[in-house]
Amino acid sequence: MTNFSEIYKTCKDSEYDILDAYKAKKSHLSHSSLSKFRSSPFEFLMYKSIDRPKTKALSDGSMMHMLLLEPEKFSKGYYVVDDDVICKTIAGEHWESKGKRPRSTAKYKEWIAAYENKYQGMERVDIVQLKNLQASIDRALDSNLTFKDLIRKLRQDGKAENAMIKDIKGYPVKAILDIDHPDFIADLKFVSNNSLQSTYRDYWGEKYWTWVQQGLYASLYDFKKKHFLLYMNHQGDVAVRSVPVAALQRGHQEFLYWLEKFDYCINDLGRLNLDSSFWQNQNSHDLILPQWISDSPNE
């Protein structure tokens with residue numbers, strides 16, 4: 001856990017350095033950073049200055065993302081631990097059913113330490129976890145022909161994780177396109193529920209601001225490409241949504257509105273006003289802190 005008072009001090013200390021960087025156009029904005037600013041300037045500064053712990057759900061999502069979109073890069077970022085042989089060597093066949101615990105032995109700990117030493121800087125993945133993720137991907141490709149065709153086109157002519165920076169109203173704005181194909185853009189989302197009702201709520205709601213994100217992405221090519229959202233859960237169920245141009249245009253207009261308010265803070269107010277929200281609404285002073293922060297602003 002991280003103490004709120006420590007986070008507040010870090011944000012307060014970094015406020016003017018961050019502000020100056022944006023005034024000088026040395027830092028880029030993104031949908032993610034401006035959506036935090038839309039909640040409150042303090043959340044924006046937390047996003048920019050605090051390293052947040054990586055959750056298992058986020059880690060699994062990142063892994064599935066790479067396995068599906070950039071499988072050739074997987075071995076450069078991850079290493080697989082298959083300890084079946086060493087466990088059997090220590091505890092014999094069928095050790096699990098016999099209640100033995102080879103991973104708690106000194107011999108196993110020595111083996112795993114030497115193994116991990118070879119892969120410093122890379123992320124560890126268990127062989128069973130990897131097989132489960134790959135099975136979900138295989139199911140997704142087998143069960144949804146439209147999804148399979150989009151992935152096939154990506155691997156033929158498209159680019160995965162294509163980073164682009166575009167000047168919008170004088171600010172460098174960065175976007176990373178999951179799938180950038182000459183004919184379409186597609187964004188891959190890992191969700192717990194990919195039903196039409198749930199994805200519709202996520203798309204238009206204020207929790208994720210997906211419609212604003214997609215509007216920004218589509219604007220990179222002046223709304224000339226088709227745009228798809230690919231919702232996939234961890235069981236390999238997939239839903240493909242085609243996004244109307246009118247919805248994308250509306251999303252981009254909202255993004256421009258956020259950018260206008262950010263520019264007002266930077267150039268007119270001259271500060272981000274940490275202690276309250278720029279936005280005047282009934283929830284403007286309610287700051288919902290993530291679970292990894294140990295106490296509240298009022299304690």
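This passage walks through selected helices, a sheet and individual residues of a predicted model.

The description begins at the N-terminal end with helix α1, which covers residues 4-23. Its 20 residues reach 28 Å from the first C-alpha to the last, close to the 28 Å expected at 1.5 Å a residue. Even so, α1 contains a kink of about 40°, and serine 14 lies at its centre. Serine 14 is also one of the buried residues of this helix. The others in that set are Phe4, Ile7, Cys11, Glu15, Ile18, Leu19, Ala21 and Tyr22. Their cover includes two helices, α3 (41-49) and α12 (245-269), together with strand β4 (171-180). Just past the end of α1, lysine 25 adopts a positive phi of about 60°.

Helix α2 (residues 31-39) offers a helpful close-up in the form of serine 33. With a relative accessible area of 1%, serine 33 falls under the 20% limit and is therefore buried. Its side chain reaches the backbone nitrogen of serine 30 at 3.0 Å. Leaving aside residues up to four places away in sequence, serine 33 touches Phe44, Tyr47 and Lys48.

The loop between α3 and α4 holds arginine 52. Here the surroundings leave some room for solvent: arginine 52 has 41% relative accessibility and so counts as partly exposed. The C-alpha atom of arginine 52 is separated by 27 Å from that of leucine 256, a residue 204 positions away along the chain.

Helix α4 follows, spanning residues 56-69. Its 14 residues reach 20 Å between the first and last C-alpha, close to the 20 Å expected at 1.5 Å a residue. Ten of these 14 residues are buried, so α4 is largely enclosed by the rest of the structure. The buried positions include Ser59, Asp60 and Gly61, and they continue with Met63, Met64, His65, Met66, Leu67, Leu68 and Leu69.

Attention now turns to the sheet. Five strands form an open sheet in the order β3-β4-β5-β6-β7, and the pairing is mixed. At its edges lie β3 (159-168) and β7 (238-242), each of which pairs on one side only. From one strand to the next, the twist averages 35°. Strand β4, a member of this sheet, is also among the elements that cover the buried residues of α1.

Within the sheet, β6 (residues 226-232) has partners of both orientations. Towards β5 (residues 184-190), β6 is joined by seven bridges, and these two strands run parallel. Towards β7, β6 is joined by five bridges, and this pair runs antiparallel. Leucine 229 of β6 illustrates both pairings nicely: aspartate 187 has leucine 229 as its bridge partner, while leucine 229 also stands opposite arginine 241 in β7. The neighbouring leucine 230 has valine 240 in β7 as its bridge partner. Strand β6 is mostly covered, with six of its seven residues buried.

The antiparallel pair β6 and β7 forms a hairpin with five residues between the strands. In its turn, glycine 236 has a positive phi of about 95°. The hairpin thus brings the description to an edge of the sheet, since β7 pairs on one side only.

Note on methods:
Residues are numbered from 1 along each chain as its sequence is written. This is a predicted model: local features need pLDDT of at least 70, side-chain atom pairs count only at pLDDT 80 or more; totals for chains, interfaces and linings use all residues. Side-chain values use heavy atoms; hydrogens and water are left out. Helices (H or I, at least four residues) and strands (E, at least two) are DSSP runs, numbered from the N terminus. The expected span of a helix is 1.5 Å times one less than its number of residues. Buried means under 20% relative accessible area, exposed over 50%, partly exposed in between (1.4 Å probe, protein chains only). Axes are lines fitted to C-alpha atoms, for helices over the stretch in contact, and angles run from 0 to 180 degrees between N-to-C directions. A polar contact is a pair of N or O atoms within 3.5 Å; within protein, one must be able to donate a hydrogen and the other to accept it, and residues adjacent in sequence count only if both atoms are side-chain atoms. Contact means heavy atoms within 4.5 Å. The bend at a residue is the angle between axes fitted to the seven residues ending there and the seven starting there.
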